[in-house]
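Dear colleague,

Please find below the structure I am handing over to you, with its sequence. My findings follow it, beginning with a question about one side chain.

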Amino acid sequence: MPARERAYRELKFRILEGRLPPGTTLLETEVAALLSMSRTPIREALIKLDEEGLVHVRPRHGVTVRSQSLDDLAEIYEVFSALEVVAARLLARRGLAAEENERLQGLMAQMERATKRDDIAQWSQLDDNFHAEIVALCGNSRLQTTLRQYWDQQYRARMAIVPLRPRPSQSDEEHRAIVAAIAARDDAEAGRLHQLHRDRTDQQALALLRLQAQPAHQEAAQD
């Protein structure tokens, strides 16, 4: 793997996992030292991450990991969810092979077991896998590439609200209905159900993020 790609992947992983939290500012030389690489691949990796909206590069002033406002996330969800709905419709038109349907059924069963255990962290990982599987099967490589970028942009917020999530029984039911419509090759119904699902879960995510931000605002007001 080229050094620039290794630098890009390592930096992205650290940002998405919160090892480089929003607001972190580093000089290019400090990033190079952190990854034990030369500055050229680091510079190329940072330019790519800037284009993806994960960092802000300022020449001679270093790089800052971008924070996300609720308005930013609302815009990200609008695009992300719209593309996921298109993916569900495309998959319904194409149809599911037996082994593809089996994979989706298996993921849903695992999610339902995680729900019963109240294992929200495990459920969230399986939910990511479920939605990624639908996108991977839709057959549109350009849509997949664009969605991957928006997935990265919403991942940090998604992980931040995992401890606040209510039991996802309703999502489990909605997943079953979506897959049934896809399996029946009813693209209109698959799109309608997936849109309803995304609208509800996006609003829930934004509400949880708003709730999470309240203690920080209250502390600032008290200071």
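Is arginine 158 buried or exposed? The model is a predicted one, and in it arginine 158 has a relative accessible area of 10%. Since residues count as buried under 20%, arginine 158 is therefore buried. This arginine belongs to helix α7, which covers residues 141-160. Setting aside neighbours within four places in sequence, arginine 158 contacts Ser124, Asp127, Asp128 and Arg165.

I turn next to the nonpolar cores. The largest of them comprises 20 residues. Those with the most contacts inside this core are Leu91, Leu96, Leu104, Met111, Phe130, Ile134 and Ile182. Two or more residues come from each of α4 (70-94), α5 (98-116), α6 (120-137), α8 (169-183) and α9 (187-222). Isoleucine 182 may serve as an example: when residues up to four places away in sequence are not counted, its contacts are Ala88, Leu91, Ala92, Leu96, Ile134 and Ala190. There is also a second, separate core of 19 residues, with Tyr8, Leu11, Met37 and Tyr155 among them.

Helix α2 spans residues 28-35, and its buried residues are Glu28, Val31, Ala32 and Leu35. Viewed down the axis of α2, these buried residues lie within an arc of 100°, so they line one face of the helix. A general point of geometry is relevant here: an α-helix has 3.6 residues a turn, so residues three or four places apart point the same way. The partners against which the buried residues of α2 pack are α1 (3-16), β1 (25-26), α3 (39-51) and β3 (62-65). After α2 comes serine 36, with a positive phi near 55°.

Finally, there is the matter of internal space. A search of the whole structure yields one cavity of 30 Å³ or more. The volume of the largest cavity is about 80 Å³. Its lining consists of Leu11, Ile15, Leu20, Thr24, Leu26, Val31, Leu46, Leu49, Val55, Val63 and Val65. At least two lining residues are supplied by each of α1, α3 and β3. By class, the lining has 10 nonpolar residues, one polar residue and no charged residues. Two of the names above recur in this lining: Leu11, which is included in the second core, and Val31, which is one of the buried residues of α2.

With kind regards

Technical notes
Residues numbered from 1 in each chain as written. Predicted model: local features only at pLDDT ≥ 70, side-chain atom pairs only at ≥ 80, totals over all residues. Heavy atoms only, no water. Core = buried A, V, L, I, M, F, W, Y, C linked by side-chain atoms within 4.5 Å. Buried < 20%, exposed > 50% of the residue type's maximum accessible area, 1.4 Å probe, protein only. Helix = DSSP H or I, 4+ residues; strand = E, 2+ residues; numbered from the N terminus. Contact = heavy atoms within 4.5 Å. Arc of directions from axis to C-beta. 1 Å grid on protein atoms, 1.4 Å probe; cavity = no way out; pocket = protein on both sides within 12 Å on 5 of 7 lines; lining within 4 Å. Points joined across faces, edges and corners; volume = space filled by probe spheres on them. Nonpolar A, V, L, I, M, F, W, Y, C, P; charged D, E, K, R; others polar.
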